[in-house]
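Visitor: I should like to see how the descriptive terms for this model are justified. Could you take me through them one by one?

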Amino acid sequence: MNPGSLNYFLLLIGTTIVFYLFNDNKLKQSVLLLASLFFLSFFGIIPVITCVLLSILNFYFAKHAFKYGYLFSKLVAINTVNVLVLLAFRFVNELNIGSLFSAPLIGEQFIVALGIGFYSLQNIAYQIDIYKKRYTPEVSLLSFTLSNTFFTRVSSGPILNIKAFTASLSTLPSKLTEENFTVGLQRILIGAIKKLVIAERFSYYINLYFDGIDPGAKTGYDVVIACFLFTIQLYFDFSGYMDIAIGSARMFGINLSENFNMPLRSQSVSEWWRRWHITLINWFTQYIYYPVAYKFRARRMMATVFAIISTFAISAIWHGFGVTYLIWGSLHIMYLIIENFLKKDLLRLNEKLTSFYYQLIFTPLTFILVSFSNLFFRSNSLADAKRLLLKLIDWRHFFPDISLKSWILNGVDWKMEFMVSMRLGFLFAILYLLFEEKLFLRLNKSKFSIPFITFLIVFLVVFGVFNSGTRFIYMNF
Amino acid sequence: MKTSEQILEELQGIFIKEFSDSSIVLTDETTAKDIAMWDSLTHMGLMDTIERHFEISFSLDEMISFKNVGDLRTAITAKLK
């Protein structure tokens with residue numbers, strides 16, 4: 001079941017109705033847990049069993065260890081289990097669906113297009129926090145299991161802090177308030193628009209250029225367009241999924257953390273990572289970057305460099321076992337280290353140029369750097385990435401044609417209907433990005449506005465691409 | 001025994017030297033957002049300098065829990081007692 005599919009929304013509507021039939025908090029949580037297990041069961045019985053067993057194991061282990069003395073050896077033991085399960089599922093996933101991006105729909109049947117990784121990270125963090133005595137163990141197994149399985153966000157996050165999430169479960173609302181319904185519905189609609197009106201329109205070309213023979217892009221210009229479009233597509237696809245996850249949770253009065261903060265406006269790669277997939281980056285920062293930087297802090301700059309390398313090495317492995325992910329991670333390590341060394345000069349430049357001109361230069365530059373790294377992130381193999389890279393640096397054949405009209409957002413062999421569709425998607429993407437901040441404020445308004453909601457629905461129905469059958473990209477991770 | 005004001009003054013000196021920025025003026029409300037060079041990449045180095053200067057030691061949790069200079073000053077004062 002794909003978040004955003006008809007089945008998903010039927011499940012959401014049904015769960016919402018049953019949820020508000022009950023007044024008892026435990027019963028409300030039970031409804032959410034049953035719906036979550038039902039959601040997981042669409043991917044097979046193994047994800048259900050794994051998720052429940054891991055929840056029970058982590059819940060009782062933390063409780064027992066806390067009571068009888070949480071030794072470091074116990075922490076290593078339980079988190080070895082968590083990491084091994086995560087690695088095992090990642091490995092099986094890659095064996096089964098091969099290329100992550102070109103996987104056909106059948107890929108959904110395989111165990112872990114699901115976010116086993118996401119709740120594994122939650123459990124690892126939970127054990128560390130209990131070991132460090134940052135808080136006491138959760139007392140309700142029901143709430144704990146729900147924090148791992150909660151269906152609106154189990155596939156791709158946001159990553160929860162288990163203790164904060166279970167605390168929020170203790171105050172579930174008795175009525176569906178106008179605020180929760182309006183904000184929830186608006187977020188779901190904008191998420192669907194991002195996915196179906198914008199991201200979907202880029203799929204044809206991106207798949208053609210990255211997955212075709214040799215591997216599809218004919219010239220350096222095609223490669224540039226493919227990388228730029230992929231960065232935009234990934235943002236709209238992934239943040240669209242997050243909007244649906246956050247909006248759906250809101251129907252039950254649950255506030256999930258925001259995972260994006262307008263990353264395409266970033267003026268540096270470090271800023272990009274503060275705005276992109278925020279809950280995952282916070283996890284890496286808190287549980288890898290800071291401990292490493294703290295341990296080696298006396299070595300000053302070298303400690304920072306080492307901490308960045310450790311963080312991105314693990315981040316690259318998290319995304320997949322391929323060499324292409326390692327190159328992607330290495331590029332970001334390089335960007336961040338260079339940025340760190342040039343920080344004082346960049347600040348001086350910002351003062352000299354004034355913020356406006358600095359932004360004009362460094363926002364596109366950051367986008368270009370991230371898009372270049374995505375060439376490796378999106379390529380199906382190292383050989384494909386190498387071929388694309390060679391085309392990119394072949395300046396003699398960089399443009400497909402000498403006439404301007406044939407290469408503005410246009411490849412040599414694009415079909416007319418797909419070209420028009422993609423251009424329309426591009427136009428919507430730019431319009432969205434220009435008004436992103438204002439729109440976000442509007443989406444969080446709690447007054448139900450019939451004209452606004454009607455506009456969103458009609459816009460989605462008229463311009464949505466509904467039948468391509470692709471999954472959310474980040475479900476692969 | 002150093003007073004709270006002395007600690008703030010010494011902290012200001014450390015910040016100015018650490019970030020090569022003589023325009024820094026610290027108050028209890030100053031946060032990382034107010035000082036361009038102070039971010040997650042430079043935070044641990046800064047903490048290391050502060051530890052050495054005052055001959056104290058912070059735990060990791062303490063280092064990442066300081067929300068502003070006021071929190072930092074309070075923690076230093078407590079450790080110097």
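Visitor: How do you know that the length of helix 13 of chain A agrees with its 19 residues?

Guide: First, the conventions: this is a predicted model, in which local features need pLDDT of at least 70, side-chain atom pairs count only at pLDDT 80 or more, and totals for chains, interfaces and linings use all residues. Residues are numbered from 1 along each chain as its sequence is written, while chains are lettered from A and ligands numbered from 1 in the order in which they are written. Helices (H or I, at least four residues) and strands (E, at least two) are DSSP runs, numbered from the N terminus. The expected span of a helix is 1.5 Å times one less than its number of residues. For helix 13 (residues 323–341) of chain A this gives 27 Å, and the end C-alpha atoms are 27 Å apart, so the two agree.

Visitor: What puts the buried residues of helix 13 of chain A on the same side?

Guide: A residue is buried if 20 or more other C-beta atoms lie within 10 Å of its own, exposed if 12 or fewer, and partly exposed in between, with C-beta atoms placed from the backbone. In helix 13 of chain A the buried residues are Thr324(A), Trp328(A), Gly329(A), Leu331(A), His332(A), Tyr335(A) and Leu336(A). They cover an arc of only 155 degrees (taken from the directions from the helix axis to the C-beta atoms), and therefore lie on the same side of the helix. Their cover includes helix 10, helix 12, helix 14 and helix 15 of chain A.

Visitor: Why is Leu208(A) called partly exposed?

Guide: Leu208(A) has 19 other C-beta atoms within 10 Å, whereas a buried residue needs 20 or more and an exposed one has 12 or fewer. Leu208(A) is therefore partly exposed. This residue lies in helix 8 (residues 178–211) of chain A.

Visitor: What makes chain B as compact as a globular protein of its length?

Guide: Chain B has four helices and zero strands. The globule rule is 2.2 Å times the number of residues to the power 0.38, and the radius of gyration is taken over C-alpha atoms. For 81 residues the rule gives 12 Å, and the radius of gyration of chain B is 12 Å, so chain B is as compact as a globular protein of that length. Along its principal axes, the C-alpha trace of chain B spans about 30 × 25 × 20 Å.

Visitor: How many residues does each chain bring to the contact?

Guide: Chain A brings 16 residues and chain B 13 residues, where two residues are in contact if their C-beta atoms, placed from the backbone, lie within 7 Å. Helix 11 of chain A gives the most to the side of chain A that touches chain B, with five residues.
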